[in-house]
Amino acid sequence: MVVRIRLSRFGCKNRPFFRVMAADSRSPRDGKHLEVLGYFNPLPGQDGGKRMGLKFDRIKYWLSVGAQPSDPVQRLLFRSGLLPPPPMVAMGRKGGPRDTRPVDPMTGRYVDAEKKPVNDNQPKEEDNAEDKSP
């Protein structure tokens with residue numbers, strides 16, 4: 001039995017509300033679940049932010065026993081600080097080749113990962129100065 005941590009949709013039409021569930025991967029989206037781990041409301045509140053409540057200790061337990069988070073849950077857990085950022089790759093156009101540059105998950109911009117390596121083979125300037133002085 002593979003356990004997935006995923007979202008289950010509640011709420012009415014055009015007003016979604018999600019619960020974060022630990023469920024068997026073979027059960028339907030809104031079907032049988034093992035445990036409720038929190039909620040996520042994507043509609044902005046009066047303060048303009050999305051509301052989310054998670055049981056961190058239970059989520060850490062399910063991850064420790066091998067539960068796999070779905071992609072939307074993985075992004076939620078990254079925003080809450082439980083998981084490292086998911087790998088994101090930007091697409092050029094539909095059906096075209098993928099751009100392999102890394103993307104920052106918070107801003108959606110490309111990350112400059114190009115750093116010049118230090119070359120140890122070239123002598124330092126101090127060594128050159130000592131060689132020229134005698």
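Colleague: Let's start in the sheet. Which residue of E3 stands opposite Met21?
Modeller: Happy to look; bear in mind that this is a predicted model. E2 and E3 are antiparallel partners, joined by five bridges. Opposite Met21, in E3, stands Val36.

Colleague: In what order do the five strands lie in the open sheet?
Modeller: The pairing is mixed: E1 and E2 are antiparallel, whereas E1 and E5 run parallel. The edges are strand E4 (51–54) and strand E5 (68–69), each of which pairs on one side only. Across the open sheet, the order is E4-E3-E2-E1-E5.

Colleague: How many bridges join E1 to E5?
Modeller: Arg4 has Gln68 of E5 opposite it. Ile5 has Pro69 of E5 as its bridge partner. For E1 and E5, which run parallel, the number of bridges is two.

Colleague: And on the other side of E1, which residue in E2 is the bridge partner of Ser8?
Modeller: E1 and E2 pair in the antiparallel sense, with a bridge count of ten. Within E2, the partner of Ser8 is Arg19.

Colleague: Which residue in the hairpin of E1 and E2 takes a positive phi?
Modeller: Two residues lie between the strands of this hairpin. Most residues other than glycine have a negative phi. Here the exception is a residue other than glycine with phi near 65°, and its place is in the loop between E1 and E2. The residue is Asn14.

Colleague: Is Asn14 buried or exposed?
Modeller: The cut-off for exposed is over 50% relative accessible area. Asn14 has 65% relative accessibility, so it counts as exposed.

Colleague: How many of the ten residues of E2 are buried?
Modeller: For the whole protein of 134 residues, the buried share is 27%. E2 is largely enclosed by the rest of the structure, because its buried residues number seven.

Colleague: Which residues touch the most other members of the largest nonpolar core?
Modeller: In soluble globular proteins, nonpolar side chains tend to be buried together. The largest such core here holds 15 residues, with two or more coming from each of strand E1 (3–12), strand E2 (15–24), strand E3 (35–41), helix H1 (56–64) and helix H2 (71–80). Those touching the most other members are Ile5, Leu7, Val20, Leu37, Trp62 and Val73.

Colleague: Which residues does Trp62 touch, not counting those up to four places away in sequence?
Modeller: Trp62 is one of the core residues that touch the most other members. With the close sequence neighbours set aside, its contacts are Val3, Ile5, Ala22, Leu34, Glu35, Leu37 and Ala67.

Colleague: Back to the sheet and its edges. What angle does the direction of H1 make with that of E3?
Modeller: The edge strands, again, are E4 and E5. H1 packs on the sheet and is in contact with E1, E2, E3, E4 and E5. Between the directions of H1 and E3, the angle is about 120°.

Colleague: What is the angle between the directions of H2 and E1?
Modeller: H2 also packs on the sheet, in contact with E1, E2, E3, E4 and E5. Its direction and that of E1 make about 95°.

Colleague: Which residues of H2 are buried?
Modeller: Their cover includes E1, E2, E3, E4, H1 and E5. The buried residues of H2 are Val73, Leu76, Leu77 and Phe78.

Colleague: What is the phi of Gly81?
Modeller: Gly81 follows H2. Its phi is positive, near 95°.

Colleague: Over which residues does pLDDT stay under 50?
Modeller: The protein averages a pLDDT of 76, and 70% of the residues score at least 70. The stretch you ask about has zero contacts beyond four places in sequence in the model. It covers residues 115–120.

Colleague: To finish, in what order do the elements run from the N terminus on?
Modeller: The protein has three helices and seven strands. From the N terminus on, they run β-β-β-β-α-β-α-β-β-α.

Definitions and conventions:
Residues are numbered from 1 along each chain as its sequence is written. This is a predicted model: local features need pLDDT of at least 70, side-chain atom pairs count only at pLDDT 80 or more; totals for chains, interfaces and linings use all residues. Side-chain values use heavy atoms; hydrogens and water are left out. A nonpolar core is a set of buried Ala, Val, Leu, Ile, Met, Phe, Trp, Tyr and Cys residues joined through side-chain atoms within 4.5 Å. Buried means under 20% relative accessible area, exposed over 50%, partly exposed in between (1.4 Å probe, protein chains only). Helices (H or I, at least four residues) and strands (E, at least two) are DSSP runs, numbered from the N terminus. Contact means heavy atoms within 4.5 Å. Two strands pair if DSSP finds at least two bridges between them. Axes are lines fitted to C-alpha atoms, for helices over the stretch in contact, and angles run from 0 to 180 degrees between N-to-C directions. pLDDT is the predictor's confidence in each residue, from 0 to 100.
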